[in-house]
Amino acid sequence: MFTILTIFTGLILLATLLPLSRHPHWIVRSMDFPRLQLSILATTLLIADVVFLDIHMLSTQLLAVTTTFCLIWQLSWIFPYTFLFPKEVKTSTEFNPDKQLSIITSNVLTPNRNAEALIKLVNEYMPDVLVTLESDQWWQDKLKVLETDMPYSIKCPLDNLYGMHVYSRLPLGEQQICYLVEKDVPSIHATLTLRSGDNIRVHFLHPAPPSPTENVESAQRDAELVIVARSVADSDMPVIVTGDLNDVAWSATTRLFRKISGLLDPRVGRGAFNTFHADYSLMRWPLDHLFHSQHFTLQQIQRLPSIGSDHFPLLTRLSFTPSLSTQQQGIDAVVSEHDWAKEIAAEQKVNKRDVPKPGEAQ
């Protein structure tokens, strides 16, 4: 039993230490994902140490101390996504319909052919904006029925798992489809006009994940996040960034995105809202995100029912309340993190001007 517990303790220690290296290999970066699962495993190991080993022995104490360190470290990353942590975004107390914005973000999974389920959700929740990821020409044809009520759209149908569509009840302007890092991975950038007449800059992203079947390293994904983060950092306009970022909310790279961009995460203090994988309840992570500038407060954030994809759709309702901007604060980057962001961008030979600014769209 001591040998078995020692092996498992060594494995959890390795999984805990690997992400500290910042190495972009997919094996290293994937260790950011299962922090909750690793915390559960660490707790189980601690109980096993007490139950099956002699706690008075030095070797047992070393195992327990090592496991405790791993548990505390893993919990420190996911703790902000619990109800015990202070909310980063204030709950909205204003319900002016002209200043409200609701968005459904849905990775539909290209082979999934259950378009009716998504259309039903749209009709039920009546979002102002629907963003679909992995949507090809088939999905575009099926979702055409939405255009009666959502007449504004941006369409980029692709059959490589990176197609993207935006349907909106609100006017979309300065539209541009960009390929920021990889030639076959698009992102969509536009302005959106609220019913009040206020303009918002919106960015829809779906960078490729680090994996053995796609990009062996996370460099491309990380670079796209850094490009967008740096482009909105100095913006005076209200900003929303949403999409499937193929990165968990608590990873070092997503935290870097939040720090460089200055955007807020409405999930902090409210829950993780795990959207992937829809079929495996024990292996779920928050891969679908919505970040926004301090101009907004939160009315609602909700994981919606399955549509047959491997991702659950995510619904977010915001209120445009710029008067409360100074009362909300995100997390700040230190000098070393700005340098890290520059290194990530430099490796892909990109810079923050690659994202279109208002007035630059074609």
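## A salt bridge between two helices

In this predicted model, Glu337 is buried, at 13% relative accessible area. Its salt-bridge partner is Lys259, with the closest N and O atoms 2.6 Å apart. Lys259 lies in helix 8 and Glu337 in helix 9, so the pair ties together parts that are 78 residues apart in sequence. Lys259 has a relative accessibility of 16%. That value is under 20%, so Lys259 counts as buried.

## More salt bridges

How many salt bridges does the structure hold? The count is 12. One of them joins the side chains of Glu88 and Arg258, at 2.6 Å from N to O. This pair, too, links distant parts of the chain. Glu88 sits in the loop between helix 4 (58-78) and strand 1 (100-107). Arg258 sits in helix 8, 170 residues away along the chain. Glu88 counts as buried, at 11% relative accessibility. Arg258 is buried as well, at 3%.

Another salt bridge pairs Glu174 with Arg201. Here the closest N and O atoms are 3.6 Å apart. Two strands are involved: Glu174 lies in strand 5 (residues 172-178), and Arg201 lies in strand 7 (residues 199-205). The two residues are 27 residues apart. Is each partner buried or partly exposed? Glu174 is partly exposed, with a relative accessible area of 33%. Arg201 is buried, at 3%. Elsewhere, Arg29, Asp32 and Arg35 are linked in a network of salt bridges.

## A nonpolar patch on the surface

A nonpolar patch covers about 1000 Å² of the surface. Its members include Met1, Ile4, Ile7, Phe8 and Leu11. Leu41, Ile47, Val50, Val51, Phe52 and Ile55 also belong to the patch.

Which helices supply at least two residues each? They are helix 1 (2-17) and helix 3 (35-52). Helix 3 gives the most, with five residues. Val50 is in helix 3. At 57% relative accessible area, Val50 is over the 50% cut-off and therefore exposed.

## A negative patch

The surface also carries a patch of negative charge. Which residues gather there? They are Glu217, Asp339, Glu343 and Glu347. Glu343 lies in helix 9, which spans residues 335-347. Its relative accessible area is 49%, and Glu343 is partly exposed. Helix 9 is also the place of Glu337, the salt-bridge partner of Lys259.

## Cysteines without disulfides

How many disulfides are there? The count comes to zero. Take Cys156, which is in no disulfide. The nearest cysteine sulfur belongs to Cys178, and it is 11 Å away. A disulfide needs the two sulfur atoms within 2.5 Å, so this pair does not qualify.

Cys156 counts as buried, at 7% relative accessibility. Cys70 is buried too, at 0%.

## Backbone exceptions

Most residues other than glycine have a negative phi, and most peptide bonds are trans. This model has exceptions to both patterns. A cis peptide bond joins Phe276 and His277, with omega about 10°. His277 is found in the loop between helix 8 (252-261) and strand 9 (288-292).

Glu134 has a positive phi, near 65°. Its place is the loop between strand 2 (129-133) and helix 6 (137-142). Glu134 is buried, with a relative accessible area of 9%.

Leu161 also has a positive phi, near 80°. This residue is in the loop between strand 3 (152-156) and strand 4 (164-168). Is Leu161 buried or partly exposed? Leu161 is partly exposed, at 35% relative accessible area.

## Across the chain

Thr6 lies in helix 1. Thr6 counts as partly exposed, with 32% relative accessibility. How far is Thr6 from Asp279? Their C-alpha atoms are separated by 32 Å. Along the chain, Thr6 and Asp279 are 273 residues apart.

Key. Residues numbered from 1 in each chain as written. Predicted model: local features only at pLDDT ≥ 70, side-chain atom pairs only at ≥ 80, totals over all residues. Heavy atoms only, no water. Patch = residues over 30% accessible without salt bridge, like charges linked within 9 Å, V, L, I, M, F, W, Y side chains within 5 Å. Areas by Shrake-Rupley, 256 points an atom, 1.4 Å probe, with all protein chains shown as cover. Salt bridge = Lys/Arg side-chain N within 4 Å of Asp/Glu carboxyl O. Lys, Arg positive; Asp, Glu negative; His and termini not counted. Charge placed at Lys NZ, Arg CZ, Asp CG, Glu CD. Helix = DSSP H or I, 4+ residues; strand = E, 2+ residues; numbered from the N terminus. Buried < 20%, exposed > 50% of the residue type's maximum accessible area, 1.4 Å probe, protein only.
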